[in-house]
Amino acid sequence: MTTATAPTVGAVTPQRPTPVRRASLLRLTAVELRKLVDTRAGRWLLITIGLVVVAIVTLLLIYAEDADQTFFTFFVPSLLPVSVLLPVLGILSITSEWSQRTALTTYALVPRRERVVAAKLIAVVLAALASVLVILAVAAVGTLVASATGGAGTWQVDGALILNATIVQVASVLMGAAFGLMLLNPPLAIVGYLLLPTLWTVLGEVVRPLRGPAGWLDPNQTMEPLFTSHVTGEQWGRLAVSLLAWLVLPLTAGLFRTLRREVS
């Protein structure tokens with residue numbers, strides 16, 4: 001007959017390892033949003049964007065004619081400088097893992113790199129949306145001040161203009177992120193993003209045979225109608241073609257490169 005063996009005194013009962021839950025995309029996005037303000041460059045860039053908007057509205061309150069001190073006048077001029085600065089934020093967000101040598105840690109914790117990239121893209125899009133809200137808020141304050149100091153202070157603005165402005169900011173920050181993803185080097189990506197579209201604009205103006213293609217491939221030209229509330233079907237088509245060339249293709253190439261690049 002088999003006898004039961006008494007447990008050894010002091011023996012440690014083995015326990016099952018606790019399964020590690022995969023971080024959700026929401027949590028990864030929250031981490032990337034925090035990274036935007038944790039680094040000195042990202043923090044100061046966000047501060048600069050806010051200061052630029054405040055400075056533009058302040059200058060308009062001081063120097064613009066009373067009849068021109070309207071919500072529309074405060075809102076539209078603030079869009080262009082912000083749309084120039086936002087892509088730099090997208091580049092810094094995408095390239096931070098490589099420039100700060102944290103890629104090994106990040107991709108060890110999250111082996112599926114495409115999830116990290118997706119979180120970064122969502123984070124910069126949210127930053128672009130927040131920039132539109134900041135511009136709207138500062139323009140509203142400027143309108144209130146104008147109405148209290150003798151300016152026109154009118155609030156008339158087309159809702160389509162706000163939607164178009166949002167598209168401009170989101171597309172701009174994603175174009176910057178695409179260049180950062182493709183080049184994975186902050187200075188090179190920033191110079192490339194600022195130089196190549198500008199060079200294409202100059203060539204389109206100087207070289208006659210390029211004027212036709214420039215109307216479809218120059219993002220500076222195709223985005224210009226979005227600073228108004230009326231955009232035709234052809235203008236939307238031109239915008240789509242230019243974004244295919246300057247956003248979708250670099251983003252696809254950059255994603256392919258990031259997924260295959262060796263982390264050291």
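In which helix is the place of Ala123? In this predicted model, Ala123 belongs to helix H5, and that helix offers a convenient thread through the structure. Ala123 is buried, its relative accessible area being 0%, which lies under the 20% cut-off for burial. Once residues up to four places away in sequence are set aside, Ala123 touches Thr29, Glu32, Leu33 and Leu36. A separation of 97 residues in sequence lies between Ala123 and Leu26, yet their C-alpha atoms are 10.0 Å apart in space.

These partners of Ala123 lead to the packing of two helices. Two packed helices are described by the angle between their axes and the distance between the axes. For helix H1, which spans residues 25–38, and H5, the axes come within 8 Å and cross at roughly 60 degrees, and H1 is therefore oblique to H5. The crossing of this pair, H1 and H5, is right-handed. On the H1 side the contact is made by Leu25, Leu28, Thr29, Glu32, Leu33, Lys35 and Leu36, while H5 contributes Arg115, Val116, Ala118, Ala119, Lys120, Ile122, Ala123, Leu126 and Ala127. Sorted by class, the residues where H1 meets H5 comprise 11 nonpolar, 1 polar and 4 charged.

Ser93, which has its place in helix H3, also reaches toward these two helices. Leaving out neighbours within four places in sequence, Ser93 is in contact with Glu32, Leu36, Lys120 and Val124; of these partners, Glu32 and Leu36 are among the H1 residues that meet H5, and Lys120 is among the H5 residues that meet H1. Ser93 counts as buried because its relative accessible area is 5%, and burial requires a value under 20%.

H5 also packs against H6, at an angle of about 145 degrees and with the two axes 9 Å apart. Here too the crossing, in which H5 passes H6, is right-handed. The H5 residues in this contact are Val117, Leu121, Val124, Val125, Ala128, Leu129, Ser131, Val132, Ile135 and Leu136, and they meet Ile162, Ala165, Thr166, Gln169, Val170, Val173, Leu174, Ala177 and Leu181 of H6. By class, the contact of H5 with H6 divides into 16 nonpolar and 3 polar residues, with no charged residues.

A further helix pair is H2 with H3, whose axes are 9 Å apart and whose packing angle is about 170 degrees. H2 and H3 are therefore roughly antiparallel to each other, and their crossing is right-handed. From H2, the residues Ala41, Gly42, Leu45, Leu46, Thr48, Ile49, Val52, Val53, Ile56, Val57, Leu60 and Leu61 meet a set in H3 made up of Thr73, Phe74, Pro77, Ser78, Pro81, Val82, Leu85, Leu86, Val88, Leu89 and Leu92. The contact of H2 with H3 holds 19 nonpolar and 4 polar residues and no charged ones.

These pairings can be set beside the nonpolar cores. In soluble globular proteins, nonpolar side chains tend to be buried together. The largest nonpolar core here has 54 residues, and those with the most contacts inside it are Phe75, Leu86, Leu174, Met175, Met223 and Leu243. Two or more residues are given to this core by each of helix H2 (40–63), helix H3 (71–99), helix H5 (113–148), helix H6 (159–183), helix H7 (186–206) and helix H10 (233–260). The most is given by H5, with 12 residues. Phe75, leaving aside neighbours within four places in sequence, is in contact with Ile135, Leu136, Ala139, Leu161, Ile162 and Ala165. Separate from the largest core is a second core of 9 residues, which includes Leu28, Val110, Val116 and Val263.

The path then passes from H6 to H7 by way of Leu184, which lies in the loop between these two helices. Most residues other than glycine have a negative phi, but Leu184 has a positive phi, near 55 degrees. Leu184 is also buried, with a relative accessible area of 6%. Beyond this loop, Ala189 lies in helix H7 and counts as buried, at 0% relative accessibility. Not counting neighbours within four places in sequence, Ala189 is in contact with Ile91, Phe179, Gly180 and Leu183. The C-alpha atoms of Ala189 and Val88 are separated by 8.7 Å, although the two residues stand 101 residues apart along the chain.

Key. Residues are numbered from 1 along each chain as its sequence is written. This is a predicted model: local features need pLDDT of at least 70, side-chain atom pairs count only at pLDDT 80 or more; totals for chains, interfaces and linings use all residues. Side-chain values use heavy atoms; hydrogens and water are left out. A nonpolar core is a set of buried Ala, Val, Leu, Ile, Met, Phe, Trp, Tyr and Cys residues joined through side-chain atoms within 4.5 Å. Buried means under 20% relative accessible area, exposed over 50%, partly exposed in between (1.4 Å probe, protein chains only). Helices (H or I, at least four residues) and strands (E, at least two) are DSSP runs, numbered from the N terminus. Contact means heavy atoms within 4.5 Å. Axes are lines fitted to C-alpha atoms, for helices over the stretch in contact, and angles run from 0 to 180 degrees between N-to-C directions. Angles under 35 degrees count as roughly parallel, over 145 as roughly antiparallel, 65 to 115 as roughly perpendicular and the rest as oblique. A crossing is left-handed if the near helix is turned anticlockwise from the far one by less than a right angle, and right-handed if clockwise. Ala, Val, Leu, Ile, Met, Phe, Trp, Tyr, Cys and Pro count as nonpolar, Asp, Glu, Lys and Arg as charged, and the others, Gly among them, as polar.
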